[in-house]
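Student: I would like a close look at a single part of this model, namely the surroundings of the ligand. Please take me through them in one connected account.

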Amino acid sequence: MKTWDGWDLPFLDESHKELIQRLQSWIELDERDEARVEALSLRDQCAHYRKQFAELGLLDLVVPSPTDPSNRLDVRSICLAREALSYRNAMADFVLSMQGIGTAAIWLFGTDRQKGRYLAPCREGRTTPAIAITEPDGGSDVAATRTTAEKRGDRYVINGAKSWISNGGIADHYIVFARTGEADGARGISAFLIDADTPGLRTGPNMDIIAPHPLSELFFEDLEVSASQLLGKPGEGFKVAMATLDIFRTSVGAAAVGLGRRAIGETIARMQGRQLFGKPMAELDLVRTRVADMVTDLDTAALTVYRAAWLKDIRDGSFTPEVAMAKLVGTEAGQRILDSAVQLFGAAGLRTGSVIERMFREIRPMRIYEGASEVQRLIIGRRALATSKTH
Ligand SMILES: Cc1cc2nc3c(=O)[nH]c(=O)nc-3n(C[C@H](O)[C@H](O)[C@H](O)COP(=O)(O)OP(=O)(O)OC[C@H]3O[C@@H](n4cnc5c(N)ncnc54)[C@H](O)[C@@H]3O)c2cc1C
């Protein structure tokens, strides 16, 4: 089957072509190592990819250097990397994306001391970050955060719980959102940088889901943290969380495009090789129309994703609705493509351990995390109805 390659899109430039070649080399490397790495524990698989990406310089794509005056990331490069990695291996994609999502708030809002202490170790793959927004009572309504951080002198005392936290239990630091009460709702939340070994922080066992993922609950029991560990100003937590999502949501759409693209490649190869009703499946009209829908979905998703990434990289201003569209269109298209792939493979698409079955499980969480599809629709609809801009 043809391997992953880049897109011939006006949103990409020469620097992206060089990155595409580097990513293709990684795909070959991973193919060689696959069986050995899959036999490792979740924690060790993550450590393997972190080390490998640090050596290959890929972590530079998701964690800017503390000494880089531009203090920014190229979202198109993040999208290309996530697409290539998830095409090959969703765990690898998870590791790369988490090094970025768990550090964005630091380079966006951190003090020089915080940047100096936390960014370089993450960029060099020596430490693992995490971001803890979701609570047991709900993740979609971030403004309703219940975990509290009570100010006592120059310290805060944190109590509460977080749920479904990626890298929970293996992270070295957590970016934690807690209610500090400057105002009701979204304006009364602050972000804190909390080291994993801080007394009062406990993590639960791994929360096993449809596709393997390091995930756990976090419990805060009178955890004391210095006010110098605030990220941004008191009451700015919601802004900190949304700024992180505004960079990384587009790349969730890209990871879904990677899964969809692989599924289409696998499906076409099978349709060309398998005989049904006396001819190759590829010659059956209903198969052709289904594949046509898959390919059209994929192209639409890629255009939406790379447009949002390009806007974020090139233009000034806020592109939250376009970012929401990238996540919505990418992940919903990816899910439809995977469902069609299973259907066209027949029972073989359901076989435990097959590529299609594995990707069918891997795509599903993407429509929920970093804002469920309904949340993306709310963002898009709210902005469309509030603006006079015609579409
Ligand atoms: C693999 C994975 C990794 C994750 N990693 C992290 C992490 O690192 N950090 C973190 O903080 N969280 C993480 N999460 C949690 C994730 O962000 C939440 O699951 C997500 O935000 C949805 O919150 P919830 O599950 O509490 O669902 P709820 O908020 O209870 O919502 C349930 C469902 O209701 C629907 N819905 C939501 N809003 C509306 C609306 N306004 N109108 C109609 N329907 C609506 C959606 O379909 C949604 O799925 C992760 C989750 C998964 C599955």
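Student: To begin, which atom of glycine 139 lies 2.7 Å from an oxygen atom of the ligand?

Tutor: The model is a predicted one. In it, a backbone N or O atom of glycine 139 is placed 2.7 Å from an oxygen atom of the ligand. Taken alone, the ligand exposes 970 Å², of which the protein buries 67%. Two or more residues of the surrounding shell come from each of the elements β1 (129-132), β3 (155-166) and α11 (373-386).

Isoleucine 133 also contributes through its backbone, with an N or O atom 2.7 Å from an oxygen atom of the ligand. With threonine 134 the contact is made by the side chain: an N or O atom there is 2.6 Å from a nitrogen atom of the ligand. These three residues belong to the closest group, which consists of Ile133, Thr134, Gly139, Ser140 and Glu374, within a shell of 20 residues that surround the ligand.

The make-up of this shell may be described by class and by domain. Twelve of its residues are nonpolar, six are polar and two are charged. Domain 2 (129-236) and domain 3 (239-386) each supply at least three residues to the shell around the ligand. The account of the ligand's surroundings thus joins individual atom pairs, such as that of the threonine 134 side chain with a ligand nitrogen atom, to a shell that draws on both of these domains.

Methods:
Residues are numbered from 1 along each chain as its sequence is written. This is a predicted model: local features need pLDDT of at least 70, side-chain atom pairs count only at pLDDT 80 or more; totals for chains, interfaces and linings use all residues. Side-chain values use heavy atoms; hydrogens and water are left out. A residue is near a molecule or strand if one of its heavy atoms lies within 4 Å of it. A polar contact is a pair of N or O atoms within 3.5 Å; within protein, one must be able to donate a hydrogen and the other to accept it, and residues adjacent in sequence count only if both atoms are side-chain atoms. Accessible areas come from the Shrake-Rupley method with a 1.4 Å probe; for residues, only the protein chains shown count as cover. Helices (H or I, at least four residues) and strands (E, at least two) are DSSP runs, numbered from the N terminus. Ala, Val, Leu, Ile, Met, Phe, Trp, Tyr, Cys and Pro count as nonpolar, Asp, Glu, Lys and Arg as charged, and the others, Gly among them, as polar. Domain bounds come from an automatic or database domain assignment.
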